[in-house]
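Biologist: Can you put the model up on the screen? I have some basic things to ask about it.
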Amino acid sequence: MGPPPPRLKLKAVEESAKVARDFAREYIAFHVSAIGDTLLDDVLLVVSEIVTNAIRYGTEPGDSLLVALEHGPDLVRIEVHDTRRSSPRFRPESVERQRGRGMFIVDALATWGVRDRPFGKIVWAEVKAS
C-alpha cells in the first residue's frame with residue numbers, strides 16, 4: 001500500500017468531519033512520523049473545526065468539499081476548499097449557543113487565512129511545532 005494522498009474529497013455532511021480527522025491522522029502518521037502528540041492533537045482539532053465550519057456555513061446540501069494537507073519539518077498546512085465565498089467569522093460568546101467557538105480555537109492553535117477560488121474559497125491553516 002502506498003502513501004496516503006495529500007487530498008481528500010468529502011461530501012458536505014456532518015460525518016465528514018470525522019473522516020477528515022482520520023485522513024489527517026493517517027497522512028501525518030505516514031509523512032510526519034516524528035510529530036509529537038500535542039502537535040498531532042492540534043492539527044486534528046484544526047482540521048475538525050475548519051471542516052465543520054465549511055459543512056455548516058460554506059456549502060449547500062449536495063455539495064462536496066476538499067481537504068488538502070501539506071507538511072514541512074516543523075508545520076502541517078491544512079486547506080479546506082468549499083463552495084461559498086463567505087469568510088469564516090468570529091461570533092460573540094454566548095452561554096445559550098453551543099456553536100460559534102470554532103474559529104476562536106483555530107485562531108489559538110494556528111496561523112490561518114482565506115483565499116478566494118473559482119466557485120468558492122479556501123480556508124487554510126498552518127499548525128507549527130512549538
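Modeller: Here it is, and keep in mind that this is a predicted model. A place to start is helix H3, whose buried residues pack against H2 and S4.

Biologist: Which residues of H3 are buried?
Modeller: Gly102, Met103 and Val106 are the buried ones in H3. They lie on the same side of H3, because they cover an arc of only 90° around its axis.

Biologist: Is there a general reason for that kind of spacing?
Modeller: An α-helix has 3.6 residues a turn, so residues three or four places apart point the same way.

Biologist: What about Asp107, buried or exposed?
Modeller: Asp107 lies in helix H3. Asp107 is partly exposed, because its relative accessible area of 43% falls between the cut-offs of 20% and 50%.

Biologist: And how far is Asp107 from Tyr57?
Modeller: Asp107 and Tyr57 are 18 Å apart in space, C-alpha to C-alpha, and 50 residues apart in sequence.

Biologist: Back to H2 and H3. At what angle do their axes cross?
Modeller: The axes of H2, residues 37-57, and H3, residues 102-109, cross at roughly 145°. They come within 9 Å of each other. The crossing of H2 past H3 is left-handed.

Biologist: Which residues meet there?
Modeller: From H2 there are Asp42, Leu45, Val46, Glu49, Ile50 and Asn53. On the H3 side they meet Gly102, Met103, Ile105, Val106 and Leu109. The residues of this contact divide into 7 nonpolar, 2 polar and 2 charged.

Biologist: Change of topic: the sheet. In what order do the strands come?
Modeller: The sheet is open and has 5 strands, in the order S1-S2-S3-S5-S4, with antiparallel pairing. Its edge strands are S1, residues 7-11, and S4, each of which pairs on one side only. Neighbouring strands are turned by 20° against each other on average, direction ignored.

Biologist: How many bridges join S4 to S5?
Modeller: There are 7 bridges between S4, residues 111-117, and S5, residues 120-128, and these strands run antiparallel. As one example, Arg115 has Ile122 in S5 as its bridge partner.

Biologist: And S2 with S3, how many bridges there?
Modeller: S2, residues 64-71, and S3, residues 75-82, pair over 6 bridges, in the antiparallel sense. There, Val67 has Val80 in S3 as its bridge partner.

Biologist: How many residues sit between S4 and S5?
Modeller: The two strands form a hairpin with 2 residues between them. Phe119 lies in that loop, and its phi is near 65°, a positive value in a residue other than glycine.

Biologist: What is the usual sign of phi?
Modeller: Most residues other than glycine have a negative phi.

Biologist: Is Phe119 buried or exposed?
Modeller: Phe119 is exposed, because its relative accessible area is 72% and exposed means over 50%.

Biologist: Last one, Ser16. Where does Ser16 lie?
Modeller: Ser16 lies in helix H1, residues 16-31. Ser16 counts as buried, because its relative accessibility is 5% and the cut-off is under 20%.

Biologist: What does Ser16 touch?
Modeller: Not counting residues up to four places away in sequence, Ser16 touches Leu10, Lys11, Val51 and Ile55.

Key
Residues are numbered from 1 along each chain as its sequence is written. This is a predicted model: local features need pLDDT of at least 70, side-chain atom pairs count only at pLDDT 80 or more; totals for chains, interfaces and linings use all residues. Side-chain values use heavy atoms; hydrogens and water are left out. Axes are lines fitted to C-alpha atoms, for helices over the stretch in contact, and angles run from 0 to 180 degrees between N-to-C directions. Helices (H or I, at least four residues) and strands (E, at least two) are DSSP runs, numbered from the N terminus. A crossing is left-handed if the near helix is turned anticlockwise from the far one by less than a right angle, and right-handed if clockwise. Contact means heavy atoms within 4.5 Å. Ala, Val, Leu, Ile, Met, Phe, Trp, Tyr, Cys and Pro count as nonpolar, Asp, Glu, Lys and Arg as charged, and the others, Gly among them, as polar. Buried means under 20% relative accessible area, exposed over 50%, partly exposed in between (1.4 Å probe, protein chains only). Two strands pair if DSSP finds at least two bridges between them. The arc is that of the directions from the helix axis to the C-beta atoms.
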